[in-house]
Amino acid sequence: MRALVVDHGEAGPVRFADVDEPVPSTGEALVEIRHIGLNFGELNYAHQWPAGAVHGHDAAGVVVRAASDGSGPPEGTRVAVGMAPHAWAERVAVDPASLGTVPEGVDLADAAALGIAGVTALRVLRKRSLLARNVLVTGASGGVGHFAVQLAALAGARVTALVGSPDRAAGLRELGADEVLTDLAETGDRFDLVLDTVGGPLVAQAWSSLAEGGTIHLVGYSSGQDTTFPSGALFGFGEPRTIATYGDMTPTSGELTDLLGLMAAGRLSAPVGLRGDWKEVDDAVQALFARKVHGKIVLDVA
């Protein structure tokens, strides 16, 4: 079968290859993949995976063989695959703990956009009550950012979306952002929670805008820059402020189910900024790295 595998050469980060058919264990379902969802991190840091390994973590498809131990969804079920290894192939053996059943009325392509981005946003925003809180989402035009803006607004937060340029602000107010900024210096607000996907100097800026008792959750570092805090910036009186890292790789089925339920109810939309055929993966990767895509990239598996 065909799959996208890690390529450490100049033509990388992924290439097509013929690979062996997956052989599910007793506790795995065999899923025929219809769509794959691309993420910046797994492509930008593909060198951290072995060359030739089937790559990718997010996808959507149909169960063609249920797990033989009776766990998980039955044959014929439409499913979203989230944070599962080796997902960018025509067929994948998946632990049911990484599957969410896609309700009627939800497009499989939209379900493929969930995975890492949707689950990350949901897990961070569930760390505290957001009702009437000030929430800042950096890199708000990306996949995690689009989901975070919507979910924070649904939870009753006052949401500020920070983007890198004015052209990346489109649609964020419609998703629930109360304010859209291109520079944090444009506001004097203090934030109870910051979901940061950018890293670099922006983290120090966000720290200076953090309310007492507030937390910055670091979920990405797309800037690739170091963070330097001015002398004395990490000292303060009042309720402690915190910086929290993120690396939750626990099973995603519960969060996928919740997110898909919100989609089915019309309360959450998938931020698909580019849709195409997986044969065009090289063009899609270039567009992602050039920051030409607002939201997620979803490719159809022919």
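Start by selecting Arg91 and Glu90, whose side chains form a salt bridge with an N to O distance of 3.9 Å. The model is a predicted one. Arg91 is partly exposed, at 23% relative accessibility. Glu90 has a relative accessible area of 19% and is buried, because the limit for that class is under 20%. Add Glu21 to the selection: Glu21, Glu90 and Arg91 are linked in a network of salt bridges. The salt bridges in the model come to 11. Side chains of opposite charge can pair when their charged atoms come close.

Next, select Arg123 and Asp248. Their side chains meet in a salt bridge of 3.2 Å, N to O. Arg123 sits in helix 3 (residues 115–125), while Asp248 is in the loop between strand 13 (242–245) and helix 7 (253–264), so this pair ties together parts 125 residues apart in sequence. Which of the two counts as buried? Arg123 does, at 7% relative accessibility. Asp248 counts as partly exposed, at 24%.

Go on to Lys279 and Asp277, another salt bridge, with 3.9 Å from N to O. Here Lys279 is exposed, at 56% relative accessibility, and Asp277 is partly exposed, at 24%.

Now select Glu42, in helix 1 (residues 40–44). Glu42 is buried but has no salt bridge. What is the nearest side chain of opposite charge to Glu42, and how far away is it? It is Lys296, at 6.8 Å. A salt bridge requires the nitrogen and the carboxyl oxygen to be within 4 Å, so Glu42 and Lys296 do not form one. Show His57 as well: the side chains of Glu42 and His57 are joined by a polar contact of 2.8 Å. To display the surroundings, leave aside the neighbours within four places in sequence; Glu42 is then in contact with Gly37, Trp49, His55, Gly56, His57, Trp88 and Ile116.

From there, move to helix 8 (residues 281–289) and colour Val281, Ala284, Val285, Ala287 and Leu288, which are buried. Looking down the axis of helix 8, these buried residues fall within an arc of 160 degrees, so they line one face of the helix. Turn to the other side of helix 8, where Asp283 and Gln286 are exposed. What do the buried residues of helix 8 pack against? Their partners are helix 1 and five strands to show in turn: strand 1 (2–6), strand 2 (14–18), strand 3 (29–38), strand 14 (272–277) and strand 15 (296–300). Just after helix 8, select Arg291, which takes a positive phi of about 60 degrees.

The last stop is His146, in helix 4 (residues 143–154). Is His146 buried or exposed? His146 is buried, with a relative accessible area of 8%. Apart from neighbours within four places in sequence, the residues in contact with His146 are Ala140, Ser141, Leu172, Leu175, Pro271, His294 and Gly295. To finish, draw a C-alpha to C-alpha distance from His146 to Ala67: the two are 34 Å apart in space and 79 residues apart in sequence.

How values were computed:
Residues are numbered from 1 along each chain as its sequence is written. This is a predicted model: local features need pLDDT of at least 70, side-chain atom pairs count only at pLDDT 80 or more; totals for chains, interfaces and linings use all residues. Side-chain values use heavy atoms; hydrogens and water are left out. Helices (H or I, at least four residues) and strands (E, at least two) are DSSP runs, numbered from the N terminus. Buried means under 20% relative accessible area, exposed over 50%, partly exposed in between (1.4 Å probe, protein chains only). Contact means heavy atoms within 4.5 Å. Lys and Arg count as positive and Asp and Glu as negative; His and the chain ends are not counted. A polar contact is a pair of N or O atoms within 3.5 Å; within protein, one must be able to donate a hydrogen and the other to accept it, and residues adjacent in sequence count only if both atoms are side-chain atoms. The arc is that of the directions from the helix axis to the C-beta atoms.
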